[in-house]
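User: Hey, I've got a structure open and I'm a bit lost. Can we walk through it together?

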Amino acid sequence: MADERRDTGDGRGAGERDAPPAREALERAWDDLVTTARRTAAEGLVVGTSGNVSVRVGDTVLVTPSGVPYDRLAPEDLCGVSLDGRQVLGSLVPTSELPMHLAVYRATDARAVVHTHAVHATAVSTLVTELPLIHYMAAALGGPVRVAPYATYGTAKLAENMLRALRDRTACLLQNHGTLTYGATLPQAYDRTAQLEWMCRLWLTASSLPGHTPTLLTREQVTEVAERLEGYGQGR
């Protein structure tokens with residue numbers, strides 16, 4: 001996670017703000033956001049209207065609206081706010097979890113955020129203060145995934161707890177609540193959410209056998225994987 005940068009409140013210094021995004025760019029980003037939100041529901045990471053997704057386009061944050069089923073969202077439902085939370089696009093009320101999303105954008109270089117109520121991850125958040133190192137993919141999230149202490153949804157306190165748990169990480173668990181991940185793109189943020197839920201399911205499965213304790217990795221082993229992951233993929 002990038003260091004906090006608060007001189008303008010949006011993670012950049014004076015004179016570095018993005019130009020207003022073109023309408024076409026906003027519409028494409030909204031389409032991608034709706035697709036990602038629907039995927040969280042289709043793949044069982046949320047139920048009903050729980051969870052939320054956002055993407056940053058310049059200094060505008062597009063975000064899922066409050067209480068609207070994802071399969072009902074249309075192009076004309078585009079909902080956007082400024083980095084200070086002022087609504088600048090659309091008439092639908094933004095998600096009640098907006099403070100969490102904006103806190104991430106202000107403190108990091110995130111361009112997309114995914115928040116879910118994934119079952120296995122939420123279960124783990126009630127059992128430990130940090131997801132045990134059950135698999136090396138923890139390296140893809142910056143290291144051991146922390147659990148942010150419980151606070152009421154939509155509050156500044158929850159956003160504060162979340163930011164502490166996200167220090168040097170791109171994912172965290174929210175105690176008795178769910179998950180939050182961020183990335184440079186919506187696909188990356190979503191993939192991190194899916195990886196986190198899978199690791200939580202893996203740990204719960206491995207630790208459920210009576211008389212057996214899962215073998216865990218060391219922090220050194222995970223650090224070694226993090227170095228290897230830097231060159232992973234096609235480089236484009």
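Analyst: Sure, we'll begin with the whole chain and then go into some details; keep in mind that this is a predicted model.

User: Okay, how many helices and strands are in the chain?

Analyst: You'll find six helices and eight strands. Along the sequence they come in the order α-β-β-β-β-α-β-α-β-α-β-β-α-α.

User: And what share of the residues is buried?

Analyst: Of the 236 residues, 49% are buried. The chain's accessible surface is about 11,700 Å², and carbon and sulfur atoms hold 51% of that.

User: Let's zoom in on β7. Which way do its residues point?

Analyst: Strand β7 covers residues 171-174. A171 and L173 point one way, while C172 and L174 point the other way. All four of those are buried.

User: Why the alternation?

Analyst: Side chains in a regular strand alternate between the two faces of the sheet.

User: Makes sense. How does β7 run relative to β6, parallel or antiparallel?

Analyst: Parallel, with two bridges joining β7 to β6, which is residues 147-148. V147 has L173 as its bridge partner in β7. To get from β6 to β7, the chain passes through helix α4, residues 156-165, and this β-α-β crossover is right-handed.

User: Which residues of α4 are buried?

Analyst: They are L158, A159, N161, M162, L163 and A165. The elements covering them include α2 (98-107), along with β6, β7 and β8.

User: You mentioned β8. How does that one pair with β7?

Analyst: In the antiparallel sense, over four bridges. β8 is residues 178-183, and its G178 is the bridge partner of L174.

User: What about the turn of that hairpin, how many residues are between the strands?

Analyst: Three residues sit between β7 and β8 there. N176 is the one to click on, since its phi is positive, near 55°.

User: New topic: I clicked on A206. Where is that?

Analyst: A206 is in helix α5, which spans residues 186-206.

User: Is A206 buried, exposed or in between, and why do you call it that?

Analyst: A206 is partly exposed, because its relative accessible area is 31%, and that label goes to values between 20% and 50%.

User: What does A206 touch?

Analyst: Setting aside neighbours within four places in sequence, A206 is in contact with I134 and P214. I134 is 72 residues away along the chain, yet the C-alpha atoms of A206 and I134 are separated by 8.8 Å.

User: What share of the chain's contacts with a separation of 6 or more comes from residues 24 or more positions apart?

Analyst: That share is 67%.

Conventions
Residues are numbered from 1 along each chain as its sequence is written. This is a predicted model: local features need pLDDT of at least 70, side-chain atom pairs count only at pLDDT 80 or more; totals for chains, interfaces and linings use all residues. Side-chain values use heavy atoms; hydrogens and water are left out. Buried means under 20% relative accessible area, exposed over 50%, partly exposed in between (1.4 Å probe, protein chains only). Two strands pair if DSSP finds at least two bridges between them. A crossover is right-handed if, with the strands pointing away from the viewer, the path from the first strand over the helix to the second runs clockwise. Contact means heavy atoms within 4.5 Å. Accessible areas come from the Shrake-Rupley method with a 1.4 Å probe; for residues, only the protein chains shown count as cover.
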